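Here is a short briefing to read alongside the sequence and the coordinates. Please keep the view open as you go.

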Amino acid sequence: MTAFDFCGASLHADPSGALVWPDRRLMVVADLHLEKGAWYAARGIPLPPYDTGETLDRLEAAIARHRPDRLVCLGDSVHDGDAARRMTPEVVRRILGLARGRDWIWIAGNHDPEPDTLPGGRSLAELALAPLVFRHEAAAGPVSGEVSGHYHPRARIRLRGRTVSGRCFVLDRHRLILPAFGAYAGGLDVTADAFDPLLQVEFEILFPGPRRVYRFAGAAEPYPRRVGTTEISTDGRRLAQTVSTWWIELLRKSSNSESSSSSPSSSRTKACCFRM
Ligand SMILES: [Fe+2]
């Protein structure tokens with residue numbers, strides 16, 4: 001886990017993509033998109049329908065690690081309005097088992113605007129627990145302590161000629177956006193224009209690796225690009241200056257967008273570096 005402070009709350013980013021708030025014994029996951037495989041299968045798209053089981057396996061493991069009293073599912077917990085009816089008795093049994101003995105909250109999302117049909121918990125439009133507020137989609141305009149999902153942030157980083165791609169947390173001083181937790185949930189690169197109205201120029205990503213979460217600082221600047229800040233820590237502390245520094249580049253998600261970034265007016269290019 002990687003500890004970090006966000007708007008006065010001491011939080012942990014779990015490699016699974018879950019967010020943990022130990023002081024409140026609370027765990028948060030976003031965009032489970034349960035039953036997405038079955039939704040595609042019903043439309044003739046032959047995806048293996050094992051995503052719900054895999055997502056619940058990972059959720060079960062995260063819950064076992066952190067034993068939260070309250071679990072907040074940040075919306076888009078299911079892929080569509082019929083998902084609860086499609087769930088097998090085994091899936092319902094597993095969710096009820098995980099929810100037993102804890103306050104399980106289904107936050108409404110755009111895929112599940114009325115999550116009260118889902119088993120095991122209570123549904124809310126959003127949840128405020130000062131100094132944080134939990135909602136599915138980042139609100140327009142100024143916010144403070146907002147924790148959301150919806151955008152499924154991902155990052156691609158190039159390190160010594162190798163490209164690593166994966167889901168990530170992205171945050172600035174006011175907003176924190178969680179990666180999608182669902183097995184089949186797609187992703188949106190953090191350099192995408194959709195993040196520009198949400199994030200400040202200086203932001204960070206928390207990039208889950210197999211065993212730990214890596215913390216990177218980033219910045220967005222108008223073309224021509226320049227790398228951003230170098231203040232990096234892995235556990236809330238600054239690392240010693242003696243460690244080696246590798247510059248990495250958050251790549252734009254396609255060669256098309258890379259070429260479009262050559263225009264000063266097209267979009268911002270974001271870059272970051274890290275130390276390890
Ligand atoms: Fe969403």
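The points below cover a sheet, the helix that packs on it, and a second helix with a buried side. Please bear in mind that this is a predicted model.

**The sheet**
- Seven strands form an open sheet in the order β1-β2-β3-β4-β5-β6-β7, and their pairing is mixed.
- At its edges are β1 (2-6) and β7 (122-124), each of which pairs on one side only.
- On average, neighbouring strands of this sheet are turned by 25° against each other, direction ignored.
- As for how strands join up in general, they pair through backbone hydrogen bonds, either parallel or antiparallel.
- Strand β2 (residues 9-13) and strand β3 (residues 19-21) take the antiparallel option, with two bridges between them.
- In this pair, H12 stands opposite V20 of β3.

**Helix α2 on the sheet**
- Helix α2 packs on the sheet and touches β3, β4 (26-29) and β5 (70-73).
- The direction of α2 makes about 160° with that of β4.

**Helix α4 and its two faces**
- In α4 (residues 89-99), the buried residues are V91, R94 and I95.
- These three lie on the same side of α4 because they cover an arc of only 95° around the axis.
- This fits a general rule: an α-helix has 3.6 residues a turn, so residues three or four places apart point the same way.
- Part of the cover over the buried residues of α4 comes from α2 (51-66).
- Exposed residues P89, E90 and G97 sit on the face of α4 turned away from its buried side.
- After α4 comes G101, which has a positive phi, near 85°.

Terms used: Residues numbered from 1 in each chain as written. Predicted model: local features only at pLDDT ≥ 70, side-chain atom pairs only at ≥ 80, totals over all residues. Buried ≥ 20, exposed ≤ 12 C-beta atoms within 10 Å, placed from the backbone. Helix = DSSP H or I, 4+ residues; strand = E, 2+ residues; numbered from the N terminus. Arc of directions from axis to C-beta. Contact = placed C-beta atoms within 7 Å. Pairing = 2+ DSSP bridges. Axes fitted to C-alpha atoms, helices over the stretch in contact; angles between N-to-C directions.
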